[in-house]
Amino acid sequence: MPEGWDWQLPMEAEWEYACRAGTSTAYSIGDNITPNDANYDDSKIGKPVAVGSYKPNAFGLYDMHGNVWEWCEDVVYESYRRIRGGSWNDLADYAVVADRDDYNNPFNRTNDWGFRLAKNSTINSLTPIASDDQSGGSNTSSVTFNTTN
């Protein structure tokens, strides 16, 4: 990461904004999803795949649906954090934009949880800039929210 940049897990609202990519449908690609659109249970792959294996959303972000659940910065209650997006191990219903779940131990390791980073800045309005790691060695990608005054 570039020196001097401050990164964090996205807040849940930031994650949903990035996933929706200007849409109001169940998925950023429409109201239905198929194994050609994302890695989830019906894909029958049985494990995470390299970032960028599926088409990006309208903001250029990969794998917002399925592949791995993504941690959000929000603490929902006590020590529970929100996760979003569903995973390779879940039904399509868990990959809809609005679905969420809560877990209390981000230190547990499992191959269906991951994270996406957001550049931390003072936000007056959000303008996403997509970037991703397509090296195949990571299950993460990022979105930076530029500040416009």
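Is Ala 38 buried or exposed? In this predicted model, Ala 38 has a relative accessible area of 1%, and because the cut-off for a buried residue is under 20%, Ala 38 counts as buried. The briefing below starts from the open sheet of four strands, goes on to the cysteines, and then returns to Ala 38 and to a few other residues of the loop between α1 and β2.

**The sheet and its edges**

- Four strands make up an open sheet, in which the order is β4-β3-β2-β5 and the pairing is mixed.
- The edges are taken by β4, residues 100–103, and by β5, residues 113–114, and because each of them has a single partner strand, one side of each is left without a neighbour in the sheet.
- As a general point, the strands of a sheet pair through backbone hydrogen bonds, and the pairing may be either parallel or antiparallel.

**The partners of strand β2**

- Strand β2, which covers residues 69–77, runs parallel to β5, and the two are joined by two bridges.
- One of these bridge partnerships links Trp 69 with Trp 113 of β5, while Glu 70 has Gly 114 of β5 as its bridge partner.
- Strand β3, which covers residues 80–84, pairs with β2 in the antiparallel sense, and four bridges hold this pairing.
- Tyr 77 has Tyr 80 of β3 as its bridge partner, and the two strands β2 and β3 form a hairpin that has two residues between them.
- Within the turn of this hairpin, Glu 78 has a positive phi of about 45°.

**Cysteines**

- Cys 19 is buried, since its relative accessibility is 0%, and Cys 72 is likewise buried, with a relative accessible area of 0%.
- How many disulfides does a search of the whole structure find? The search finds zero disulfides.

**Ala 38 and its surroundings**

- Ala 38 is found in the loop between α1 and β2, and residues up to four places away in sequence are set aside when its contacts are listed.
- On that basis, Ala 38 touches Ile 33, Ser 43, Tyr 54 and His 65.
- Ala 38 and Pro 56 are separated by 18 residues in sequence, and the distance between their C-alpha atoms is 10.0 Å.

**Positive phi in the loop between α1 and β2**

- In general, most residues other than glycine have a negative phi.
- Ala 21, however, has a positive phi, near 50°, although it is a residue other than glycine; Ala 21 lies in the loop between α1, residues 12–20, and β2.
- Ala 21 is buried, and the value behind this is a relative accessible area of 7%.
- Lys 44 also has a positive phi, in this case near 60°, and Lys 44 is likewise found in the loop between α1 and β2.
- Lys 44 is exposed, with a relative accessible area of 66%, whereas Ala 21 is buried.

**Trp 5, in the segment before β1**

- Trp 5 is found in the segment that comes before β1, residues 7–8, and at 41% relative accessibility Trp 5 counts as partly exposed.
- How many residues apart in sequence are Trp 5 and Asn 120? Trp 5 and Asn 120 are 115 residues apart in sequence, and in space they are 7.8 Å apart when taken from C-alpha to C-alpha.

Notes: Residues numbered from 1 in each chain as written. Predicted model: local features only at pLDDT ≥ 70, side-chain atom pairs only at ≥ 80, totals over all residues. Heavy atoms only, no water. Pairing = 2+ DSSP bridges. Disulfide = S-S within 2.5 Å. Buried < 20%, exposed > 50% of the residue type's maximum accessible area, 1.4 Å probe, protein only. Contact = heavy atoms within 4.5 Å.
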